[in-house]
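Grab your viewer and a pencil. Here are a few exercises on helix geometry and packing, each with a worked solution.

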Amino acid sequence: MYHLWADEDLNEGIDILEYNISQHPNSDSSHNGLALLYQANGESEKALKHCNLSLKHSDSESSNYQNYKQRFDNIREKLSDTD
């Protein structure tokens, strides 16, 4: 997935992760990856939604959770700046 981001084929990466989530809806890493791609694609509302889902499906004691939380807060802050 990350090579698609590097190659700037964000839509293909989004399609792949959407499919992965349809098969594994509780995958925190897939929701996080989708949040990254949506954010890079300028779709902040969708990015925020998937950040929230990555938080919901991860262990609050993990280092991943802290990364997801920071991303969620950053996106939410950027969205509130545009209101």
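The ground rules come first, then the exercises.

This is a predicted model, where local features need pLDDT of at least 70, side-chain atom pairs count only at pLDDT 80 or more, and totals for chains, interfaces and linings use all residues. Residues are numbered from 1 along each chain as its sequence is written, and side-chain values use heavy atoms, with hydrogens and water left out.

**Exercise 1.** Check the span of helix α2 (residues 10-23) against 1.5 Å a residue, and work out which of its residues are buried.

*Solution.*
- Helices here are DSSP runs (H or I, at least four residues), numbered from the N terminus.
- The expected span is 1.5 Å times one less than the number of residues. With 14 residues, α2 should therefore span 20 Å, and its end C-alpha atoms are indeed 20 Å apart.
- Now for burial: buried means under 20% relative accessible area and exposed means over 50%, with partly exposed in between (1.4 Å probe, protein chains only).
- In α2, the buried residues are L10, G13, I14, L17 and I21. They sit on the same side of α2, because they cover an arc of only 100 degrees around the axis, taken from the directions from the helix axis to the C-beta atoms.
- Flip to the other side of α2 and you find D15 and Y19 exposed.

**Exercise 2.** Work out how helix α3 (residues 28-40) packs on helix α5 (residues 63-82).

*Solution.*
- Axes are lines fitted to C-alpha atoms, for helices over the stretch in contact, and angles run from 0 to 180 degrees between N-to-C directions.
- The α3 and α5 axes come within 11 Å and cross at roughly 30 degrees. That makes the pair roughly parallel (the cut-off is under 35 degrees; over 145 is roughly antiparallel, 65 to 115 roughly perpendicular, and the rest oblique).
- Contact means heavy atoms within 4.5 Å. On the α3 side, the residues that meet α5 include N32 and L36.

**Exercise 3.** Do the same for helix α4 (residues 44-56) and α5.

*Solution.*
- The axes are 9 Å apart, at an angle of about 155 degrees. α4 and α5 are therefore roughly antiparallel.
- Among the α4 residues that meet α5 are A47, L48 and C51.

**Exercise 4.** Is S54 buried or exposed, and what about K56?

*Solution.*
- S54 lies in α4 and counts as buried, because its relative accessibility is 0%.
- Leaving out residues up to four places away in sequence, S54 touches D28, H31, N32 and Y68.
- K56 also lies in α4, but counts as exposed because its relative accessibility is 63%.
- K56 and S27 are 29 residues apart in sequence, with their C-alpha atoms 9.8 Å apart in space.

Terms used: Helices (H or I, at least four residues) and strands (E, at least two) are DSSP runs, numbered from the N terminus.
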